[in-house]
Amino acid sequence: MRAAALLFALLAGAAQADTTIGLHLGSQHYPARDLNNVNPGVYVLHDGWTAGVYRNSYRRPTVYGGYSWNLYRGDWVRLDLTAAVATGYRQETGQALRPIVLPSVAFGGDTRVRISYGARPNKRSTHVVHLSIERSL
């Protein structure tokens, strides 16, 4: 997949103090529907810019890119807000790119657990809580 090759090239070129790499693990949808909750993938965050790939809730590949703002950074807690666009949801939205806005909280030092929240965009959809693990380089 060309997107994965590009992501790994970004990782290799961006290994600096404010670079983070992460692994998407899974999610939980509310109300529960027949959606995939196992969402493996990888992402990189560098100077606020974020990009990643994962298997989405409809069991299709998603590539996304956007920007993350750090709202609070303590010793063991971080609060962020990410705005991005994502592929892989055309059948549900009718659009090639889906806008996403995700607040998140991360716990830990150089290695962190991150919990992100996606609000329910319409009555046919669900809320989602997503789990990932990440490490600062």
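**Exercise 1. Is Y89 buried or exposed?**

*Solution.* Let's begin with the number. This is a predicted model, and in it Y89 has a relative accessible area of 6%. Buried means under 20%, so Y89 counts as buried.

Next, look at who shares the inside with Y89. The largest nonpolar core has seven residues: Y43, Y54, Y64, A84, A86, Y89 and I100. This fits a general pattern: in soluble globular proteins, nonpolar side chains tend to be buried together.

**Exercise 2. Describe the overall build of the chain.**

*Solution.* Start with the elements. The chain holds two helices and eight strands. Reading along the sequence, you meet them in the pattern α-β-β-β-β-β-α-β-β-β.

Now turn to burial. Of the 137 residues in the chain, 39% are buried. The chain exposes about 8000 Å², and carbon and sulfur atoms supply 63% of that area.

Finally, check the contacts. Among those between residues at least 6 apart in sequence, 42% join residues at least 24 apart.

**Exercise 3. Compare two residues of strand β6, I100 and F107.**

*Solution.* First, place them. I100 is found in strand β6, and F107 is in strand β6 too, which covers residues 98-108.

Second, classify them. I100 has a relative accessible area of 19%, so I100 is buried. F107 has 41%, so F107 is partly exposed.

Third, look at the surroundings of I100. Leaving aside neighbours within four places in sequence, I100 is in contact with T82, A83, A84, V85 and A86. Take A86 as an example: the C-alpha atoms of I100 and A86 are 7.2 Å apart, although 14 residues separate them along the chain.

Fourth, do the same for F107. Together with L23, L25, V113, I115, L131 and I133, F107 makes a nonpolar surface patch of about 540 Å². Strands β1 (19-30), β7 (111-118) and β8 (127-136) each supply at least two residues of this patch.

**Exercise 4. Which residues does Y64 touch, leaving aside its neighbours within four places in sequence?**

*Solution.* The list is H24, Y43, T50, A51, G52, V53, Y54, V85 and A86. Now compare that list with the largest nonpolar core: Y43, Y54 and A86 belong to that core, as does Y64.

**Exercise 5. Classify two aromatic pairs.**

*Solution.* A pair of aromatic rings is described by the distance of the centres and the angle of the planes. The whole structure has four aromatic pairs.

Take W49 and Y67. Their ring centres are 4.9 Å apart and their planes stand at 80°, so the pair is edge-to-face. W49 lies in strand β3 (residues 49-55) and Y67 in strand β4 (residues 61-73), so the pair ties together parts 18 residues apart in sequence. W49 is exposed at 57% relative accessible area, while Y67 is partly exposed at 25%.

Now take Y58 and Y89. Here the centres are 6.1 Å apart and the planes are at 85°, so this pair is edge-to-face. Y58 sits in the loop between β3 and β4, and Y89 in the loop between β5 (77-86) and α2 (90-93), so the pair ties together parts 31 residues apart in sequence. Y58 is partly exposed at 30% relative accessibility.

One last step: W49 and Y67 form one aromatic cluster together with W69.

**Exercise 6. Trace the salt bridges and see how they connect.**

*Solution.* Side chains of opposite charge can pair when their charged atoms come close. The structure holds three salt bridges.

- D80 pairs with R114, with the closest N and O atoms 2.9 Å apart. D80 lies in strand β5 and R114 in strand β7, so this bridge ties together parts 34 residues apart in sequence.
- R112 pairs with E134 at 2.9 Å, N to O. R112 is in strand β7 and E134 in strand β8, 22 residues apart.
- R114 pairs with E134 at 2.8 Å, N to O. R114 is in strand β7 and E134 in strand β8, 20 residues apart.

Now look for shared partners: through them, D80, R112, R114 and E134 join into one network. To finish, check burial. D80 and R114 are buried, and R112 and E134 are buried too.

Methods:
Residues are numbered from 1 along each chain as its sequence is written. This is a predicted model: local features need pLDDT of at least 70, side-chain atom pairs count only at pLDDT 80 or more; totals for chains, interfaces and linings use all residues. Side-chain values use heavy atoms; hydrogens and water are left out. Patches are made of residues with over 30% relative accessible area and no salt bridge: like charges are joined within 9 Å, nonpolar side chains (Val, Leu, Ile, Met, Phe, Trp, Tyr) within 5 Å. Accessible areas come from the Shrake-Rupley method with a 1.4 Å probe; for residues, only the protein chains shown count as cover. A salt bridge is a side-chain nitrogen of Lys or Arg within 4 Å of a carboxyl oxygen of Asp or Glu. Helices (H or I, at least four residues) and strands (E, at least two) are DSSP runs, numbered from the N terminus. Buried means under 20% relative accessible area, exposed over 50%, partly exposed in between (1.4 Å probe, protein chains only). A nonpolar core is a set of buried Ala, Val, Leu, Ile, Met, Phe, Trp, Tyr and Cys residues joined through side-chain atoms within 4.5 Å. Contact means heavy atoms within 4.5 Å. Rings of Phe, Tyr and Trp (its six-membered ring) pair if their centres lie within 6.5 Å; planes under 30 degrees apart count as stacked, over 60 as edge-to-face and the rest as tilted.
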